[in-house]
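These are my notebook entries on one chain, written while I looked up its fold, its helix faces and a few single residues.

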Amino acid sequence: MNFGEAFVILFGQSGMTQAEFARKGNFSTAYVNQLAKGKVKNPTFTRACEIADALGVSVDNFYELMKNSE
């Protein structure tokens, strides 16, 4: 599983809409759309932390999901 696939799972669990997530993380709607489609596979660590923060989870949650799917 890559970061994008992990995002899809965690975003689904968040209960947020794409618009809410975009506002909370100060992300463009185009970027959120790419995230929601699992197209962002390897963001920088800083960006991954920003995404995790906007979801209200730890960046470790992403890496655990990715690791456990191997």
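**Entry 1: the chain as a whole**

I began with the contacts in the chain between residues at least 6 apart in sequence, and found that 60% of them join residues at least 24 apart. I note at once that this is a predicted model, so I read every value here as computed from that model. For the secondary structure I count five helices and zero strands, and along the sequence the pattern reads α-α-α-α-α.

For the overall dimensions I compared the radius of gyration with the globule rule: a compact globule of 70 residues would come near 11 Å, and the chain has 11 Å, which agrees. Along the principal axes, the C-alpha atoms fill a box of roughly 30 × 20 × 20 Å. I then looked at the surface, where the chain exposes about 4200 Å², with carbon and sulfur atoms supplying 48% of that area. Buried residues make up 36% of the 70 residues.

**Entry 2: helix α3**

Which residues of α3 are buried? In this helix, residues 29-36, I list Tyr-31, Val-32 and Leu-35. Looking down the axis of α3, I see these buried residues fall within an arc of 100°, so they line one face of the helix. On the other side of α3 I find Thr-29 and Ala-30 exposed. The cover over the buried residues of α3 includes α1, α2 (18-25) and α4. After α3 comes Gly-38, for which I read a positive phi near 75°.

**Entry 3: helix α4**

I repeated the lookup for α4, residues 45-55, where the buried residues are Ala-48, Ile-51, Ala-52, Ala-54 and Leu-55. They cover an arc of only 160° around the axis, which puts them on the same side of α4. The face turned away from that buried side carries the exposed residues Thr-46 and Asp-53. I also asked what the buried residues of α4 pack against, and the list is α1, α2, α3 and α5 (59-68). α4 is followed by Gly-56, whose phi is positive, near 80°.

Within this helix I took Ala-54 as a single case. Ala-54 has a relative accessible area of 3%, and it counts as buried because the cut-off is under 20%. Leaving aside neighbours within four places in sequence, I find Ala-54 in contact with Met-16, Phe-21, Lys-24, Gly-25 and Phe-27. I also checked Ala-54 against Ala-19, which is 35 residues away along the chain, and the two C-alpha atoms are separated by 12 Å.

**Entry 4: the salt bridge in α4**

How many salt bridges does the chain have? The count comes to one. The pair is Arg-47 with Glu-50, and the closest N and O atoms are 3.3 Å apart. Both residues lie in helix α4, three residues apart, about one turn of the helix. As a reminder to myself, an α-helix has 3.6 residues a turn, so residues three or four places apart point the same way. For accessibility I read 30% for Arg-47, which is partly exposed, and 37% for Glu-50, which is also partly exposed.

**Entry 5: Asn-2, Gln-13 and Asn-26**

Asn-2 sits in the segment before α1 (3-14), and I wanted to know whether to call this residue buried or exposed. At 18% relative accessibility Asn-2 counts as buried. The side chain of Asn-2 reaches the backbone nitrogen of Gly-4 at 2.9 Å. Not counting residues up to four places away in sequence, Asn-2 touches Gly-38, Lys-41 and Met-66; Gly-38 is the residue I noted above with a positive phi after α3.

Gln-13 lies in helix α1 and is exposed, with a relative accessible area of 61%. Between Gln-13 and Leu-55 I read 9.2 Å from C-alpha to C-alpha, while the two are 42 residues apart in sequence. Leu-55 is among the buried residues of α4.

Last, I looked up Asn-26, which lies in the loop between α2 and α3. Most residues other than glycine have a negative phi. Asn-26 has a positive phi of about 60° although it is not a glycine. With a relative accessible area of 72%, Asn-26 is exposed.

Conventions
Residues numbered from 1 in each chain as written. Heavy atoms only, no water. Salt bridge = Lys/Arg side-chain N within 4 Å of Asp/Glu carboxyl O. Helix = DSSP H or I, 4+ residues; strand = E, 2+ residues; numbered from the N terminus. Buried < 20%, exposed > 50% of the residue type's maximum accessible area, 1.4 Å probe, protein only. Polar contact = N/O pair within 3.5 Å; in protein donor to acceptor, adjacent residues only side chain to side chain. Contact = heavy atoms within 4.5 Å. Rg over C-alpha atoms; globule rule 2.2 N^0.38 Å. Areas by Shrake-Rupley, 256 points an atom, 1.4 Å probe, with all protein chains shown as cover. Arc of directions from axis to C-beta.
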